[in-house]
Amino acid sequence: MDSVAESSKNRKRLRQEEEQQQKEEIEDEETSSTDQTLSLVDSLTFSDTMVALRIMRAQFPHIDKVSIQPFILHSQLYSSVKDRTQVDRELESMRREKVLRVFKLNTGQDDHAIMFLDDYLTQVDRVVKRMEEKKQRNLEVFEWFKAHVIDNKQDPSIDDQELRLLLSHGGKVKDEHISLLINAGLLVCSGHK
């Protein structure tokens, strides 16, 4: 009889251990799930600057005969997000991460245009397509521009010497190449020879 009672105690103890182990596994899964959720929430946090940029981009007017991609003026962003320091810090971060491009406008005022990089690349592709339709020559410069300038130079401006140096990684740069980029509206001339 002692062996039956002892066997019963062993089974009960094993059952309790199994229940405890299952309980711990469930707790581990819940903790893991919570950690994953927190991780997801952390990765989905949006800055005020990014939200404002997305809203303004969505509100950009779409005119059929005009093929300009959406852009936002720096001054517009400042009027939407109160903390200018935060805006500048977040813009700089997004620029370095190649999420967007910032351009100095040639309006005589100290304002900049902000464009998402995807939109800017679409703009370049549309320009190339229009020029191909006009049987324009020297279009290889646009590929050089995308591969060597856009990818390596995030600043809003570039001087002639640096532009030519970066473009030369694609091929021999001629004045006609630079003129094409300026005439396409991808560069603003400020003292170009």
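**Note on a predicted model: helices, sheet and charged contacts**

1. M50 counts as buried, because its relative accessibility is 14% and the cut-off for buried is under 20%. The residue belongs to helix α2, which covers residues 48–58. M50 and V87 are separated by 37 residues in the sequence, yet their C-alpha atoms are 9.0 Å apart in space. The model is a predicted one, and what follows should be read with that in mind.

2. On the overall layout: the secondary structure of the protein chain consists of eight helices and three strands. Read from the N terminus, the order of elements is α-α-β-α-α-β-β-α-α-α-α. The protein chain has 193 residues, and 30% of them count as buried.

3. How are the strands arranged? The three strands make an open sheet in the order β1-β3-β2, and the pairing is antiparallel. β1 (72–73) and β2 (100–104) are the edge strands; each has a single partner strand, so one side of each has no neighbour in the sheet.

4. The pairing can be followed strand by strand. β2 and β3 (residues 112–116) run antiparallel and are joined by five bridges. Within this pairing, L100 has F116 in β3 as its bridge partner, and K104 stands opposite H112 of β3. β1 and β3 also pair in the antiparallel sense, over two bridges. Here I72 is placed opposite I114 in β3.

5. Is β3 mostly covered or mostly open? Five of the five residues of β3 are buried, so the strand is mostly covered under the cut-off of under 20% relative accessible area. The cover applies to both faces: H112, I114 and F116 are buried on one side, and A113 and M115 are buried on the other.

6. Helix α5 deserves a separate look. R130 has its place in this helix, which spans residues 117–133. L121 also lies in helix α5. L121 is partly exposed, with a relative accessible area of 26%, and R130 is partly exposed with 35%. The C-alpha atoms of L121 and K146 are 7.6 Å apart in space, although the two residues are 25 residues apart in sequence.

7. A second contact involves K146. D125 and K146 form a salt bridge in which the closest N and O atoms are 2.6 Å apart. This pair links distant parts of the chain, with D125 in helix α5 and K146 in helix α6 (residues 140–150), 21 residues apart. D125 counts as partly exposed, at 38% relative accessibility.

8. Which residues form the positive surface patch? The patch is made up of R126, K129, R130 and K134. Of these residues, R130 was placed in helix α5 above.

9. How many salt bridges are there? The count comes to 11 salt bridges. Some of them are connected: E92, R95, R96, K153, D155 and E162 are linked in a network of salt bridges. Inside this network, the side chains of K153 and E162 meet at 3.1 Å, N to O. K153 is buried, with a relative accessible area of 11%, whereas E162 counts as partly exposed at 28% relative accessibility.

10. What does the salt bridge between R164 and D175 tie together? In this pair the closest N and O atoms are 2.6 Å apart. R164 is in helix α7 (residues 160–167) and D175 is in helix α8 (residues 175–183), so the salt bridge ties together parts that are 11 residues apart in sequence. The partners differ in exposure: R164 counts as buried at 18% relative accessibility, and D175 is partly exposed, with a relative accessible area of 43%.

11. For a reader starting out, three places to look are the sheet in the order β1-β3-β2, the salt bridge of D125 with K146, and the network that includes K153 and E162.

Definitions and conventions: Residues numbered from 1 in each chain as written. Predicted model: local features only at pLDDT ≥ 70, side-chain atom pairs only at ≥ 80, totals over all residues. Heavy atoms only, no water. Patch = residues over 30% accessible without salt bridge, like charges linked within 9 Å, V, L, I, M, F, W, Y side chains within 5 Å. Areas by Shrake-Rupley, 256 points an atom, 1.4 Å probe, with all protein chains shown as cover. Salt bridge = Lys/Arg side-chain N within 4 Å of Asp/Glu carboxyl O. Lys, Arg positive; Asp, Glu negative; His and termini not counted. Charge placed at Lys NZ, Arg CZ, Asp CG, Glu CD. Helix = DSSP H or I, 4+ residues; strand = E, 2+ residues; numbered from the N terminus. Buried < 20%, exposed > 50% of the residue type's maximum accessible area, 1.4 Å probe, protein only. Pairing = 2+ DSSP bridges.
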